[in-house]
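Visitor: I'm new to this one. Could you take me in for a close look at the place where the ligand sits?

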Amino acid sequence: MCGIVGYSGPNNSVGPIIEGLSRLEYRGYDSAGICLKINNELQILKKEGKLDNLKSLIQEKKPFSHIGIGHTRWATHGAVTADNAHPHGNELFAVVHNGIIENAGALKKELQKEGFEFKSQTDSEVFLVLLTKFFKESKNVLSSISKAFSTITGNSAFVIIEKQSDKLYCLKRSAPLVVGDNKETREAFVSSDPFALVGFAPRIYFPEDSVICESSVNSSEVTIKFYELNLTPSNRYKIQGNAMSVDITSKGPYEHFMLKEIHEQPYLVEKLAAYYIKDEGRKILDQLVNFKTDCWHITACGTAWHAGLVIKNYLEQINRQRASVEIASEFRYKNPIINQKEIGLFISQSGETADTLACQELCKESGISSFAIVNVEGSTLYRNSDKNFLIHAGIEIGVASTKAFTLQVLTGYLMSRSMKSSLDDPKLFIELKLLSTRISELCSESDKIKKIAEKIYHQKGFIFTGRGKYFPIALEGALKLKEIAYVHAEGYAAGELKHGPIALIDEEIVNIAIIGPELFEKTISNIEEVKARRGKIVVIGPDHNAEIEHLSDAYLGLNFEGLNDLSPLYVNVALQLLSYHIAYLKGTDIDKPRNLAKSVTVE
Ligand code: M6R
């Protein structure tokens, strides 16, 4: 979603702001802007479209300023136009915003009645106008910020600069926001993501909700102060070093981050296995030995929800424990039945997905413990959980999640195994190593998958099918394809096809059929039905099978031997590569697909 970067210090703020915004580009956006305080005036430059458009404008104007805020906008209220892009400013303040002001419509009407004018259709400008109104009444910036923030509803993060001082102010409610400083260089920063501040701010502050942060820099020091909304000093924030390195932003030899991240999987699988079985992670899993709960309430969104579906199978089949998996945006509003001996399990790469966080809140209010399978250490989900199971995927830049899915499922698998029997079982480590090897083989056979893509990329629609443990993989395969190739794709349980979706089948539709060694004959019957209706058949199934060879238009033979419960992950990597090659042939923006954001911090 929207990216935010702010700077205050002795240097030109344009450099760190634009560098920070570039690093956040992967999250998805549709316009960009910057506000700089120059000669005691707030000057705003905004452009629709890519950050490059803003960069060209900056190149032309060559502004210099010691304080500024920048923003990449992912439109929610109001079309994608330069007027609706952030920052929004007036003669007193400039503001950037990430989130949604839910009562913006009503507030705007009231403010208009009072004579205030609006330049954009955004909800964000409502905050600016409220702030201005309260400031005109009180002449006090902090109390005006507090009052404006208390007037609005919904989850949001704001950064504010003002004409009369060189201070950066920020605050948030259930939206990501961090503050950074560098005491040596006397610089202060604000961002929606610590990644934007790597190499700039060695120290990162994580304010809690409704804490106002005021950063100021003078000739001898940088000062960061925190206040509650009643303006008393606050200690509701955490401090952490920023250990990330800028190198992680490089694509290496790969053309896209998505491809790089797919190829990282063999190494990451082994690394995670070593972490949880042999190294420090073992202590965390050992706490689960003999752990039992009446029901696991798993909630997540998108790919993470698909990971939840695979993990549910593990909990039910390996542990015989009940698990419900729900889409977070549904669970939060359904008045769920939650009993005391149950556990909330939240799965999220970013740890900032608004709906997933809301489910966590709900479970906490119901008095049950909250476990998280999460990638970003220090994220909101991480900080609010009773137990965290980190997936150690490293930063995932491709908007389409690949390695995070694999490691989420693997973490769930190891949790499930640790509840069942000793992780010292040498077979477990061998099985994980085998998964890594098979994924590596798949990556090196990527050309084979490319050839399949060449046969089908121009087709109108794609139906992914799978049974049992491959059903979530069919859903995930279809999601990946639609995200990056912009084609219609759906995932179905193979047996469900004849209950409706089969009406779609004709020669323009491809059935990507996942056939595991289990329920083989039944799944074969399903593809016969598609073939009879002239649909194209691509099979991902056991290798060297004459029957499949005969039935399919294209066939990727896989070696399932020895993978057991991990085979869905193996199949999924084949589908990741297939989607990648189809999207490549279609010429889409693979790493930053249209309309998508890497972390969805609004509901
Ligand atoms: O950060 P999260 O794992 O909570 O994100 C959840 C979904 O938004 C995410 O998985 C989304 O579906 C991806 N774009 C899938 O590739």
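Guide: Start with helix H9, which gives the most to the shell around the ligand, with three residues. Keep in mind as we go that this is a predicted model. H9 covers 302-317, and helix H16, covering 471-485, joins it in supplying at least two residues of that shell. Altogether, 14 residues surround the ligand. If you want to find the closest ones, look for Ser348, Gln349, Ser350, Thr353 and Glu483. As for their character, the shell divides into five nonpolar, seven polar and two charged residues.

Now zoom in on a few atom pairs. Thr353 brings an N or O atom of its side chain to 2.4 Å from an oxygen atom of the ligand. Over at Glu483, an N or O atom in the side chain is 2.5 Å from a nitrogen atom of the ligand. With Thr303 it's the backbone that takes part: one of its N or O atoms lies 3.1 Å from a ligand oxygen. So how much of the ligand does the protein bury? Taken alone, the ligand exposes 410 Å², and the protein buries 91% of that.

Step back a little and you can place the whole scene: the ligand sits in the second largest pocket. Once you've got that pocket in view, go back to helices H9 and H16, each with at least two residues in the shell, and then pick out Thr353 and Glu483 again, both among the closest residues to the ligand.

Terms used. Residues are numbered from 1 along each chain as its sequence is written. This is a predicted model: local features need pLDDT of at least 70, side-chain atom pairs count only at pLDDT 80 or more; totals for chains, interfaces and linings use all residues. Side-chain values use heavy atoms; hydrogens and water are left out. A residue is near a molecule or strand if one of its heavy atoms lies within 4 Å of it. A polar contact is a pair of N or O atoms within 3.5 Å; within protein, one must be able to donate a hydrogen and the other to accept it, and residues adjacent in sequence count only if both atoms are side-chain atoms. Accessible areas come from the Shrake-Rupley method with a 1.4 Å probe; for residues, only the protein chains shown count as cover. On a 1 Å grid over the protein atoms alone, a cavity is a set of points where a 1.4 Å probe fits but cannot get out, and a pocket is an open set with protein on both sides within 12 Å along at least five of seven lines; lining residues have an atom within 4 Å of a point. A molecule sits in a cavity or pocket if more than half of its atoms lie within 2 Å of its grid points. Helices (H or I, at least four residues) and strands (E, at least two) are DSSP runs, numbered from the N terminus. Ala, Val, Leu, Ile, Met, Phe, Trp, Tyr, Cys and Pro count as nonpolar, Asp, Glu, Lys and Arg as charged, and the others, Gly among them, as polar.
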